[in-house]
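Let's take a friendly walk through this structure, from the whole chain down to single side chains. Keep the sequence and the 3D view open as you read.

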Amino acid sequence: METAKRIRLMIVGAQKSGTSSLLRYLAQHPDIHTHPQPEMTFFLQAREYTRGYERAFIKYFAAENDHSKIEDKQLIAKNVMVMHSPEVMQRIYQHNPNIHLVVLLREPVARAYSAYWWARRRGWENIKTYEDALAAEEARINEDWFKWRQCAYQYNSIYYPHVKNLITQFGSNRVLCMLTDDLKEDAGAVCQQIFHHIGVRTDFKPVIGERHNQAAMPRSERFNYLFTQFLASHNPLRRTIRKLIPDAAAYKLRKAVLDWNDKPQKDTESATPPLNPETRERQMAYFKPFNEQLAELLDRDLTDWL
């Protein structure tokens with residue numbers, strides 16, 4: 001990795017906490033450049049990682065841009081799963097030990113429940129009740145966290161040990177932890193803090209308001225499940241298609257197909273049932289000690305979570 005510019009900042013979690021919106025707000029800054037894909041999977045996917053960062057740089061940052069246009073910009077990336085894997089975070093550390101990390105955290109019960117419906121929408125989850133999916137989670141993680149990472153609802157909502165590991169490995173001055181509530185209350189201020197953190201000018205004000213990656217339900221969960229399984233397979237047809245279609249176009253095509261299968265927004269609210277109050281109480285009790293540890297670690301008031 002001698003010629004490719006290194007990543008300056010990476011959003012490393014948490015899933016369904018507003019990270020997509022935050023990335024697009026930050027990307028408006030004239031001194032910042034990011035990837036068009038929703039997630040940069042280079043560090044997470046072993047097969048992709050072994051091909052090297054030079055190739056990933058072209059795929060994520062330079063595929064549609066002149067390298068010289070990126071030269072003076074700060075690269076930022078996002079993958080909301082990487083903070084849950086010490087092995088993956090070590091890859092990021094080796095890539096740039098001086099990288100800045102942003103962790104956006106949402107109240108864990110709401111995050112976990114939202115992640116369940118996101119997994120249903122994208123075809124990763126075929127268990128039809130949240131409670132049954134929770135019951136299956138431990139066995140899934142014991143089998144293979146990477147395989148079931150999108151369905152690790154409670155595990156991915158336990159923030160304390162992962163945030164502590166990030167601070168230990170990268171240093172507290174390079175780990176910026178924020179709450180989804182911070183983003184909702186004043187997204188502009190959150191962006192200004194991050195701009196200051198990575199040393200770009202802070203007088204730029206991004207356009208705030210549009211929400212990205214909002215909740216929705218598919219018209220056909222079966223279609224999304226089969227489509228997602230096909231994309232993840234080693235099917236010869238799939239490999240042939242991927243050779244013919246550039247990476248950026250493949251991402252756009254995948255998103256277009258999945259978006260096409262989404263129900264109209266007006267139908268979505270009624271399609272997503274409220275969380276069972278008993279399940280909520282059990283999960284709040286489960287997360288309570290982790291939330292208390294996190295509050296002490298970050299020196300933040302998380303009373304609303306408790």
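The protein chain exposes about 15,600 Å² of surface, and carbon and sulfur atoms supply 51% of that area. Please bear in mind that this is a predicted model. The chain has 306 residues, of which 47% count as buried. Its secondary structure consists of 15 helices and five strands. If you consider the contacts with a separation of 6 or more, residues 24 or more positions apart account for 74% of them.

A good place to begin is helix α5, which covers residues 86-95 and has Val88, Met89, Arg91, Ile92 and His95 as its buried residues. Seen down the axis of α5, these residues fall within an arc of 150 degrees, so they line one face of the helix. A reminder about helices helps here: an α-helix has 3.6 residues a turn, so residues three or four places apart point the same way. Now turn to the face of α5 that points away from the buried side, and you will find the exposed residues Pro86, Glu87 and Gln94. What do the buried residues of α5 pack against? Their partners are the strands β1 (7-13) and β4 (100-105), together with the helices α2 (46-50), α3 (53-62) and α8 (160-170).

Aromatic rings are the next stop, and the structure holds 18 aromatic pairs. One of them joins Phe43 and Tyr49, whose ring centres are 6.5 Å apart with 45 degrees between the planes, a tilted arrangement. Phe43 is buried, at 0% relative accessibility, whereas Tyr49 is partly exposed at 24%. Another pair is made by Tyr93 and Phe170: their centres lie 5.4 Å apart and their planes meet at 70 degrees, so the pair is edge-to-face. This pair links distant parts of the chain, since Tyr93 belongs to helix α5 and Phe170 to helix α8, 77 residues apart. Tyr93 is partly exposed, with a relative accessible area of 31%, while Phe170 is buried at 6%.

Phe43 and Tyr49 also belong to one aromatic cluster, which they form with Phe42, Tyr53, Phe57 and Phe61. Tyr49 has a further neighbour to look at: the charged end of Arg91 sits over its ring, 4.7 Å from the centre. Arg91 is one of the buried residues of α5 that you met earlier. Elsewhere, Arg149 lies over the face of Phe146, at 4.1 Å from the ring centre.

What about the cysteines? A disulfide is a covalent bond between the sulfur atoms of two cysteines. How many disulfides does a search of the whole structure find? The result is zero. Two cysteines are still worth a look in the viewer: Cys177 is buried, with a relative accessible area of 16%, and Cys191 is buried as well, at 0%.

For a last stop, pick out Glu138 in helix α7, which runs over residues 130-148. Is Glu138 buried or exposed? With a relative accessibility of 59%, Glu138 counts as exposed, because the cut-off for that class is over 50%. Glu138 and Ala152 are 14 residues apart in sequence, and their C-alpha atoms are 8.3 Å apart in space.

Conventions
Residues numbered from 1 in each chain as written. Predicted model: local features only at pLDDT ≥ 70, side-chain atom pairs only at ≥ 80, totals over all residues. Heavy atoms only, no water. Buried < 20%, exposed > 50% of the residue type's maximum accessible area, 1.4 Å probe, protein only. Helix = DSSP H or I, 4+ residues; strand = E, 2+ residues; numbered from the N terminus. Arc of directions from axis to C-beta. Contact = heavy atoms within 4.5 Å. Disulfide = S-S within 2.5 Å. Phe/Tyr/Trp six-rings, centres within 6.5 Å; stacked < 30°, edge-to-face > 60°. Lys NZ or Arg CZ within 6 Å of the ring centre and 35° of its normal. Areas by Shrake-Rupley, 256 points an atom, 1.4 Å probe, with all protein chains shown as cover.
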